[in-house]
Amino acid sequence: MTTTTTRELVRDLMTADPIVVRDDLPLPEVAETLERRDVSGVPVVDAAGELVGVISRTDLARVRGTDELWARWPGLMARHMMTQPAITVAADTPLADAIRRME
């Protein structure tokens, strides 16, 4: 377990320019993006660039583990399997507070 100091803020560790996917991106392309970029999840944005959710490898595994969803794999998009709403914190949030929120 990593320890944090009370002075560390989310901005100290956050990615300033994260990889994002559009909500209308087909799941096979989401899976390819996660694999190619070697990340476990990404924010999902709408056509206006607004954050609408988060999609992860766990969400994709849920599709593969469900026959009904797996049969629809080619036609499913990020918006169908993303976790929403995305829970966010401000960049100036103490890191310890953000960790507690994630837990």
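A crossing of two helices counts as left-handed if the near helix is turned anticlockwise from the far one by less than a right angle, and as right-handed if it is turned clockwise. Keep that in mind for this predicted model.

Q: Does α1 pass α2 in a left-handed or a right-handed crossing?
A: Start with who is involved: α1 covers residues 27-37 and α2 covers residues 57-64. Now apply the rule about the near helix being turned anticlockwise or clockwise from the far one. For α1 passing α2, the crossing comes out as left-handed.

Q: Which word describes how α1 and α2 lie to each other?
A: Two packed helices are described by the angle between their axes and the distance between the axes. Here the axes of α1 and α2 are 11 Å apart, and the angle is about 135 degrees. Over 145 degrees would count as roughly antiparallel, and 65 to 115 as roughly perpendicular. The angle fits neither, so α1 and α2 are oblique.

Q: How many residues of the contact of α1 with α2 are charged?
A: On the α1 side, the contact is made by Leu 27, Val 30, Ala 31, Leu 34 and Glu 35. On the α2 side, Arg 57, Leu 60, Val 63 and Arg 64 take part. Sort them by type and you get six nonpolar and no polar residues, while the number of charged ones is three.

Q: Which element gives the most residues to the lining of the largest pocket?
A: Rolling a probe the size of a water molecule over the atoms shows where empty space is left. The largest pocket has a volume of about 1,100 Å³, and among its 26 lining residues, Pro 43, Val 54, Ile 87, Thr 88 and Met 102 are the closest to its centre. The elements giving two or more residues are β2, β3, α2 and α5. With five residues, the top contributor is α5.

Q: How many residues of the lining of the largest pocket are nonpolar?
A: Take the other groups out of the way: six lining residues are polar and two are charged. The number that are nonpolar is 18.

Q: Which residue is joined to Gln 84 by a cis peptide bond?
A: Most residues other than glycine have a negative phi, and most peptide bonds are trans. This chain has an exception of each kind: Asp 38, in the loop between α1 and β2, has a positive phi of about 55 degrees. The cis bond has an omega of about -5 degrees, and the partner we want sits in the loop between α4 and α5. The residue joined to Gln 84 is Pro 85.

How values were computed. Residues are numbered from 1 along each chain as its sequence is written. This is a predicted model: local features need pLDDT of at least 70, side-chain atom pairs count only at pLDDT 80 or more; totals for chains, interfaces and linings use all residues. Side-chain values use heavy atoms; hydrogens and water are left out. Axes are lines fitted to C-alpha atoms, for helices over the stretch in contact, and angles run from 0 to 180 degrees between N-to-C directions. Helices (H or I, at least four residues) and strands (E, at least two) are DSSP runs, numbered from the N terminus. Angles under 35 degrees count as roughly parallel, over 145 as roughly antiparallel, 65 to 115 as roughly perpendicular and the rest as oblique. Contact means heavy atoms within 4.5 Å. Ala, Val, Leu, Ile, Met, Phe, Trp, Tyr, Cys and Pro count as nonpolar, Asp, Glu, Lys and Arg as charged, and the others, Gly among them, as polar. On a 1 Å grid over the protein atoms alone, a cavity is a set of points where a 1.4 Å probe fits but cannot get out, and a pocket is an open set with protein on both sides within 12 Å along at least five of seven lines; lining residues have an atom within 4 Å of a point. Grid points are joined across faces, edges and corners, and a volume is the space filled by probe spheres set on the points.
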